[in-house]
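Please open the model in a viewer and keep the selection panel at hand. The tour below begins with the whole chain and then proceeds to individual selections.

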Amino acid sequence: MGRDDDEHAEAEADVDRRHHCLDFGTKMHAPSKKRNVMENGDEGIDVVLVRSIINGEHENVGPIVRYAFERGKPEALLHQLVNLVGKKEVEIEELCRLHYDEFILAVDELRDVLVDADELKSSLSNQNFQLQEVASTLLPKFDELLELYSIKKNVTKAIETLEVCVQLSKLCLTCNMHVSNNRFYPAVRILDLIEKDYIQKTPFHALRKAIKKQIPAIKLHIEKKVCREFDDWLVHIRSMAVEVGQLAIGHASSARQREEEKRARREEAEKQSRFGGGDHVYTLDVEHVDEDSVLEFDLAPVYRAHHIHSCLSLEDKFRKNYYKNRLMQLNLDLQMPPVQSFLESHRPFFAQIAGFFIVENRVLQTAGGLLSESQVETLWNTAISKMTSILEDQFSHMDTANHLLLIKDFITLVADALTRHGYGLTPLLEVLDNNRDKYHELLLSECRKHIGDTLASDTFEQMVIKKEYEYNMNVVLFHLQSSETLPDFPYIAPFSSSVPDICRVVRSFIEDSVNYLSYGGPVNFDDVLKKYLNKLMIDDLNEALLKVIHTGNLDVSQAMQIAANIAVLECTCDIFLCQTAQLCSGPLHLVERPHVGLTVKAVFKASQNAAYDALLNVVDSKLDEYLALMNSIEWTTDKAPEHANDYIQETVIYLDSLISTAQQILPLDGIYKVGLVNLVLSNQPENFKNPVTREKSYGALDYKKVAIISEKFKDSSDKLFGRLSNCSTEQKSRKKSMDMLKRKLKEFS
């Protein structure tokens, strides 16, 4: 089979070579033919025809022949064609003669090839028949295979399409489930995934169109649901803001109480160290409360709404909506309730605002850029301006010091609470400072009334205390006791009932004054000490005492009691000074300096002297009454009466009772005004030199002053009454005792 193919191919190649030779011979003899045509003299159409035939331009032969016949000269054309045929035959003969042997061989080979070709043809025919017999059974199966392949291809494509659709359907179902369960963030994520990866892969136009149509509707539904949830949160957080504010203010109050306890412990330790007390007790304050962990309020709806709007590319819209709604709520919160008074509504009012800004501070720190610092600052400036205006207006209409103090205390707690969250309340605190004088004027007015009522209800009799708790409340509390030992009851105090009541008024004034001033740092000690406390003690208390002294119809015991009360009040000045220093967190050693003191002490001295003058006026008036009885006495009688005159006896009784009462009531530095009379009238004045007697009956007398007065008293009876002074043995004995006293006093000197 392979050999036959080779021989057949070689035969075909030989035929091709022969044809090539013929063509080559034709081309070689073409110039001679042209020359023959030209030699015959017909160089027109005949030449063109021959040239076209030689050159193989057969498409030109037909038109040329037709043209020759149309001219009526076909003979020349035929002649040229005959010549051309003759020439070609010559060329063929020449060529055949040159290649005769090769041609013979080629013909032989061609015959062999023809034989092989017949055999090959027969073989191919047999094989073809066999192949067709086999193929006739396989061809239907092949057609079935092609059909199955086409089906497989379609099925595969359908499966791929269905897988995309199934995945898309699952995503849609999952998205619907998330939306139904209000899990909007994963729903939005699925929608974004569908838009980016599945919409373009979906081959079904109807499904793709339906999903494209539903995605904006679902996003709009999610946005509405989130906005509705956010609106519910706005309502909830506004109602909860007052609780948040109250809780933060409560923490500030607890912190302030802890600071006061620390201060009390420091003062106690300072006192012990100054007076050499016992061992110091050191405590470690480990209490720490994380306020943010206690101030719990739900911001999840805000976070969710902000995040969902960000995923929906609506973040700017939500920011504006949040700020707009919160600003509207703030403006509503800043409106005072028209029904309640400011005293009743100030606590929920300021707590609501405090809670509002605590929430905003948390949103600013945790909401991922939902609020900017400038927006919070704008909200705060709006609030602080409105609160300042309201507070100034309300303070201007208040006429009760306690109301001002209550509001002030709460505002300072609000300031402490908000300061911890980064808000400054300086304008609000300035309002409190600007109303400081008004508060103290109202407080002084109330104290003035209490003092006046207290003095008006006092009978100015020594206070009788029957029980220990009364003693502690009226004596120990104000350090009025003369000894640390508990006395026997009933206890007769050296002061009347108005003294502890006045001390309560002054103590309350100091506490209220310091409470009002104690914000924003330490209190100005000199300011509290000199301006307000002195004003209370001098302008109110002392003036009230002088009013009682000058306008009251006092008897001797009442005048004495007022003088004694003033002496006690003078002693309390240092106590009030220490109390003021402690409340102002001032060091106690400053109070002990000589230049630090209350001016009222000197004023009390003058008022005490006024009380003594009133006492002496009462005594002088009474003595004048007794001396007026002297006009009825016979002074020149020859015989002394058997009994003393009544007026002398009454005078002695009066003076004895006067001295006895003075010793019980008056302070030691005041007893000398009447104590010396007792010494002069004594039957045994030399007993003054006895320390026990002197301390008991004449403790207030200075022996130097007694010596001077006794020297002036020498022989006074002789000068006044002449010989009548020598008539009484009792008088002689008293004179002798007085002389002895004068000698002893000179020895002391």
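**The whole chain**

With the entire protein displayed as a surface, about 44600 Å² is exposed, and carbon and sulfur atoms supply 55% of that area. The model is a predicted one. Switch to a cartoon representation: the secondary structure comes to 27 helices and two strands. Colouring by relative accessibility will show the buried residues, which make up 36% of the 749 residues in the protein. If contacts are drawn between residues at least 6 apart in sequence, 76% of them join residues at least 24 apart.

**Helices α17 and α19**

Next, select residues 498-517, helix α17, together with residues 556-583, helix α19. The two helices pack with their axes 10 Å apart, at an angle of about 20°. Because angles under 35 degrees count as roughly parallel, α17 and α19 are roughly parallel to each other. The crossing in which α17 passes α19 is right-handed.

Now show the side chains at this contact. On α17, select Ser498, Val499, Ile502, Cys503, Val506, Arg507, Ile510, Glu511 and Val514. On α19, select Asn565, Val568, Leu569, Thr572, Phe576, Gln579, Thr580 and Leu583. Which classes of residue form the contact of α17 with α19? The residues divide into ten nonpolar, five polar and two charged.

**Thr661 on helix α22**

Move to residues 646-665, helix α22, and centre the view on Thr661, which lies in this helix. Is Thr661 buried or exposed? The answer lies in between: its relative accessibility is 24%, so Thr661 counts as partly exposed, given that buried means under 20% and exposed over 50%.

Add Val556 to the selection and draw a distance between the C-alpha atoms: Thr661 and Val556 are 105 residues apart along the chain, and these atoms are separated by 9.0 Å. Val556 falls within the residue range of α19, 556-583. Then display Ser557 and Met560, with which Thr661 is in contact when its neighbours within four places in sequence are left aside.

**Asp333 on helix α10**

Finally, select residues 315-333, helix α10, and centre on Asp333, which lies in this helix. How does Asp333 count in terms of accessibility, buried or exposed? Its relative accessibility is 7%, and Asp333 therefore counts as buried, the cut-off for that class being under 20%.

To see what surrounds this side chain, display Arg238, Phe349, Gln352 and Phe356. Asp333 is in contact with these four residues, its neighbours within four places in sequence being left aside.

Terms used:
Residues are numbered from 1 along each chain as its sequence is written. This is a predicted model: local features need pLDDT of at least 70, side-chain atom pairs count only at pLDDT 80 or more; totals for chains, interfaces and linings use all residues. Side-chain values use heavy atoms; hydrogens and water are left out. Helices (H or I, at least four residues) and strands (E, at least two) are DSSP runs, numbered from the N terminus. Buried means under 20% relative accessible area, exposed over 50%, partly exposed in between (1.4 Å probe, protein chains only). Contact means heavy atoms within 4.5 Å. Axes are lines fitted to C-alpha atoms, for helices over the stretch in contact, and angles run from 0 to 180 degrees between N-to-C directions. Angles under 35 degrees count as roughly parallel, over 145 as roughly antiparallel, 65 to 115 as roughly perpendicular and the rest as oblique. A crossing is left-handed if the near helix is turned anticlockwise from the far one by less than a right angle, and right-handed if clockwise. Ala, Val, Leu, Ile, Met, Phe, Trp, Tyr, Cys and Pro count as nonpolar, Asp, Glu, Lys and Arg as charged, and the others, Gly among them, as polar. Accessible areas come from the Shrake-Rupley method with a 1.4 Å probe; for residues, only the protein chains shown count as cover.
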